Amino acid sequence: ITANDLINHRDNLAETLTITTTNNHLRVLRVALQDGLRSERIDSNPASLVPPIKRKGGTANKRRAFTMPEINKLLEVANDEWIGIILTAFYTGQRLGDIVRLTWNNVDLHRPSISLTTKKTDRFIDMTIHRTLLGHFLTIPAPDNSDTPVFPDAYALVQKHSGHVSALSTQFHSIMVSAGLVSPRSSTGKREGTDEKRRLNTLSFHCLRHTAESSLKNAGVSDAVAMDIIGH
């Protein structure tokens, strides 16, 4: 296998797959070949010479924040548990995985506050609960055990998939489709009803982090404080 072989393979994949998926294929091959190099099965790693595909202009399909009308559309079509997850993301700026792993031990309705240690950065965060989010939490029946997940269905789905949130991301995409914010996905890797490659959506659950940060800055919060709240 030569670098040219891999370049041709990369470019062929890019004809039918998104840039992100194509680069992920290349990344997997690079890791596998590097393992072969370490075990002395091969003399060099040709994938190390093959650059990933870059998006044109460097900003195409860039993720963006949700607008408030878009947030309201999401809340209109989401079920009760997803309403809570969306509100928690909007008012805390935390990642999907950290939100669905919250238990009632993390939530103090009397202070009121949310405290958690983020999985990605191992950072402890303690923040006041916004009154709108607090109002939603108060509508959830109090559990007998404080170890109970705040969002039990989402938590169970994450546990079923060995801690990965991909299934929840798919659910959120369906919510965005129902809200009319994005187009349905196609199993062919092409845009629904067309022969064009599916472009990366500019909206995803992670965009709620951008929305939270933008809202803080629009409220006059300094960059340093906003970054501390979001957990950067």
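Two strands are said to pair if DSSP finds at least two bridges between them. In this predicted model, strand 2 (residues 113-117) and strand 3 meet that description, since they pair in the antiparallel sense over five bridges. The two strands form a hairpin with six residues between them, and Asp122 in the turn has a positive phi of about 55 degrees. Within the pairing, Ser115 stands opposite Asp126 in strand 3. The side chains of strand 3 (residues 124-128) alternate: Ile125 and Met127 point to one face and are buried, whereas Phe124, Asp126 and Thr128 point to the other face and are not buried.

The helices offer another kind of packing. Helix 7 (residues 152-160) and helix 8 (residues 166-178) pack at an angle of about 135 degrees, with their axes 8 Å apart, which makes helix 7 oblique to helix 8. Ala154, Leu157 and Val158 of helix 7 make the contact with Ala167, Leu168 and Gln171 of helix 8, and these residues divide into five nonpolar, one polar and no charged.

Helix 8 also takes part in aromatic pairing. The structure holds six aromatic pairs, and two of them are set out here.

| Pair | Centre to centre | Angle between planes | Arrangement |
|---|---|---|---|
| Phe66 and Phe172 | 6.3 Å | 90 degrees | edge-to-face |
| Trp82 and Phe172 | 5.8 Å | 35 degrees | tilted |

Phe66, in the loop between helix 2 and helix 3, lies 106 residues from Phe172 in helix 8, while Trp82, in helix 4, is 90 residues from Phe172. Phe66 and Phe172 are buried, and Trp82 is buried as well. Together with Phe205, these three residues form one aromatic cluster.

Notes: Residues numbered from 1 in each chain as written. Predicted model: local features only at pLDDT ≥ 70, side-chain atom pairs only at ≥ 80, totals over all residues. Heavy atoms only, no water. Buried < 20%, exposed > 50% of the residue type's maximum accessible area, 1.4 Å probe, protein only. Helix = DSSP H or I, 4+ residues; strand = E, 2+ residues; numbered from the N terminus. Axes fitted to C-alpha atoms, helices over the stretch in contact; angles between N-to-C directions. Parallel < 35°, antiparallel > 145°, perpendicular 65-115°, else oblique. Contact = heavy atoms within 4.5 Å. Nonpolar A, V, L, I, M, F, W, Y, C, P; charged D, E, K, R; others polar. Phe/Tyr/Trp six-rings, centres within 6.5 Å; stacked < 30°, edge-to-face > 60°.
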